[in-house]
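Please open the model in your viewer and keep the sequence panel beside it, since each stop on this tour begins with a selection.

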Amino acid sequence: MMKFLTKFLIATLAVMLVACGKPAEKWNNTDLTGLDYAKDFALTDHYGKPRTLQDFRGKLVVIFFGYTQCPDVCPTTMAEMATVMQQMGDQADKVQVLFVTLDPERDTQALLASYVPNFDRRFLGLYGDAAATAKVAKDFKVYYQKVPGKTPTSYTMDHTAGSYVFDTEGRIRLFLRHGQGAEPIVHDLKLLLK
């Protein structure tokens, strides 16, 4: 019995020393590693090119769902991601930001092409018809709903405000909270690139 206890204590101490040797890095955002959804999409970019998640293998992919006439969350998120790209320095070339419209009625290819690159020339706007939009929103567990305005075309869209991050292999890894500032996002993206 004594030999067993001695071996057990030695093994326990060894595990504790290894665990204490290097502290694990902590995410600032929600870790989604291993979840079984948001695997792909089939949409068109603002240049008219069909796109899937596979097109961006080798890069981190940040996907935000919004619409161009959004008065607050969408432009602030896009501006925040532009700041993230600046702070990433040379590593920004290893990141692809995608803006997926939830308003295919108004967000045409031309409108996305003029809106999205204004934040950063590397950003891509993606769109589909109503059915493709509904499918990708369901696959990514993104909430969206039209809120009527004073006229038929002045509606707004309630929608999920965060962004998803995929690693260089196309696996879902993080959910980024809206409005946290660039630094926590830069930290997490740099961790994913290690």
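How many salt bridges does the structure hold? In this predicted model, the structure holds nine salt bridges, and a few of them make convenient starting points.

Select Lys 39 and Asp 36, whose side chains meet in a salt bridge with 2.5 Å from N to O; Lys 39 is exposed, and so is Asp 36. Next, select Asp 45 and Arg 51, which form a salt bridge with their closest N and O atoms 2.9 Å apart. Here Asp 45 counts as buried, at 1% relative accessibility, and Arg 51 is buried too, with a relative accessible area of 14%.

Then move to Arg 122 and Asp 93, whose side chains meet in a salt bridge at 3.4 Å, N to O. This pair links distant parts of the chain, 29 residues apart, with Arg 122 in the loop between helix H3 (109-115) and strand S6 (124-127), and Asp 93 in the loop between H2 and strand S5 (95-101). Arg 122 is partly exposed, with a relative accessible area of 26%. Add Asp 120 to the selection, and you have a network of salt bridges that links Asp 93, Asp 120 and Arg 122.

Now switch to a cartoon view for the sheet, which is open, has eight strands in the order S1-S10-S9-S4-S5-S6-S2-S3, and shows mixed pairing. Strand S1 (30-31) and strand S3 (50-51) stand at the edges, each with a single partner strand, so one side of each has no neighbour in the sheet. Follow S1 to strand S10 (residues 172-176), to which S1 is joined by two bridges, the two strands running antiparallel; Asp 31 stands opposite Leu 174 in S10.

For the cysteines, select Cys 70 and Cys 74. The structure holds zero disulfides, and Cys 70 is in none, the nearest cysteine sulfur being that of Cys 74, 3.0 Å away. That separation is too far for a bond, because a disulfide requires sulfur atoms within 2.5 Å. Cys 70 is buried at a relative accessible area of 8%, and Cys 74 is buried at 0%.

Finish with the interior space, where a search of the whole structure finds one cavity of 30 Å³ or more, and the largest cavity holds about 50 Å³ of space. To display its lining, select Thr 77, Glu 80, Met 81, Ala 161, Gly 162, Ser 163, Leu 176, Arg 177, His 178 and Ile 185. Helix H2 (residues 73-88) gives the most to this lining, with three residues, and by class the lining has four nonpolar, four polar and two charged residues.

Methods. Residues numbered from 1 in each chain as written. Predicted model: local features only at pLDDT ≥ 70, side-chain atom pairs only at ≥ 80, totals over all residues. Heavy atoms only, no water. 1 Å grid on protein atoms, 1.4 Å probe; cavity = no way out; pocket = protein on both sides within 12 Å on 5 of 7 lines; lining within 4 Å. Points joined across faces, edges and corners; volume = space filled by probe spheres on them. Helix = DSSP H or I, 4+ residues; strand = E, 2+ residues; numbered from the N terminus. Nonpolar A, V, L, I, M, F, W, Y, C, P; charged D, E, K, R; others polar. Buried < 20%, exposed > 50% of the residue type's maximum accessible area, 1.4 Å probe, protein only. Pairing = 2+ DSSP bridges. Salt bridge = Lys/Arg side-chain N within 4 Å of Asp/Glu carboxyl O.
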